[in-house]
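Student: I'd like to talk through some aromatic rings with you. Could we go over the reasoning behind each label?

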Amino acid sequence: MYSKIVLSIGGSDSGGGAGIQADLRTFMSIKVHGCTAITCITAQNSIGVTGVEAVESHILINQIDALFSDFEIQCLKTGMLLNERIIINTATKLKEYSIPKIIDPVMVSRTGVKLMEDSAINAYRKLLFPQAEIVTPNIYEANLLSNVQIKNEEDIEISAQEILKLGPKAVLIKGGGLNSLKGKDFYIDREGKRDWLINKFINTSNTHGSGCTLSAAICSYIALGFNLIESIKKAKSFVERSLEKSYKIGSGPGPLGHHQ
């Protein structure tokens, strides 16, 4: 138990529903040991974010160096990288490590609110995507990354092909942002494999942190030795079970129940 070690590079959610906190709960539930490198601290609750503070460059780099100097990390994931400076620092440092990297490009919220500037989005494209084992955008992020206005399944497939051209080994576009595609995600990779992965739709408003949970679960299963497709399928099932156990703690959407 806990013989495999994974790393999450992302932001802290003071409300405990998403970000580093959701990742750590996911790692523990799947029985891998989770390490963290904090990129930013947020002041937030179930209603929204009231403040964000980025860590200094040397602190972020020191966190990553400290972890890799002592631990044998099998896989890592990135979450909120906040701005261009953090993306550049993270991408430059991660080039030193040839382990699978799950890139969750946290750029747009599930409600469609843009979270970062264009320069930061371009840094994602140029610096992080070529290192990625897989990129896991939501509908709105896929829109930004591919310049395809997604309205249906065909648009998602076109968008995924465009994102694949940016360098990742695989792309998984999460369809939950469209009512007609809830529970459906589209996968494509450089080897020519493409598939719609479909799970049961869980009708709950308590979905805060579901994207973080999915990428953290994929990271965990890869560390445990499953291939990418197996890891995605197991991760989607993990999210489905966690949504079934989701709960409400404030006035807005509550978090997933990661205990399995």
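Student: Why is Phe 68 called buried?

Tutor: Happy to explain! This is a predicted model, and in it Phe 68 has a relative accessibility of 15%. Buried means under 20%, so Phe 68 counts as buried.

Student: And what makes Tyr 97 buried or exposed?

Tutor: The value for Tyr 97 is 16%; the cut-off for buried is under 20%, so Tyr 97 is buried.

Student: How many aromatic pairs are there?

Tutor: The structure holds four. In one of them, the ring centres of Phe 68 and Tyr 97 are 3.7 Å apart and the planes meet at 10 degrees. Centres within 6.5 Å make a pair, and planes under 30 degrees apart count as stacked, so this pair is stacked.

Student: Which parts does the pair of Phe 68 and Tyr 97 tie together?

Tutor: Phe 68 belongs to helix H2, while Tyr 97 sits in the loop between helix H3 and strand S5, so the pair ties together parts that are 29 residues apart in sequence.

Student: Why is the pair of Phe 186 and Trp 196 called tilted?

Tutor: Their centres are 5.2 Å apart, with the planes at 50 degrees. Stacked needs under 30 degrees and edge-to-face over 60, so the pair is tilted. Phe 186 is in strand S8 and Trp 196 in strand S9, so parts ten residues apart in sequence are tied together.

Student: What makes Phe 186 and Trp 196 buried or exposed?

Tutor: With under 20% as the cut-off for buried, Phe 186 at 1% is buried, and Trp 196 at 17% counts as buried too.

How values were computed. Residues numbered from 1 in each chain as written. Predicted model: local features only at pLDDT ≥ 70, side-chain atom pairs only at ≥ 80, totals over all residues. Heavy atoms only, no water. Phe/Tyr/Trp six-rings, centres within 6.5 Å; stacked < 30°, edge-to-face > 60°. Helix = DSSP H or I, 4+ residues; strand = E, 2+ residues; numbered from the N terminus. Buried < 20%, exposed > 50% of the residue type's maximum accessible area, 1.4 Å probe, protein only.
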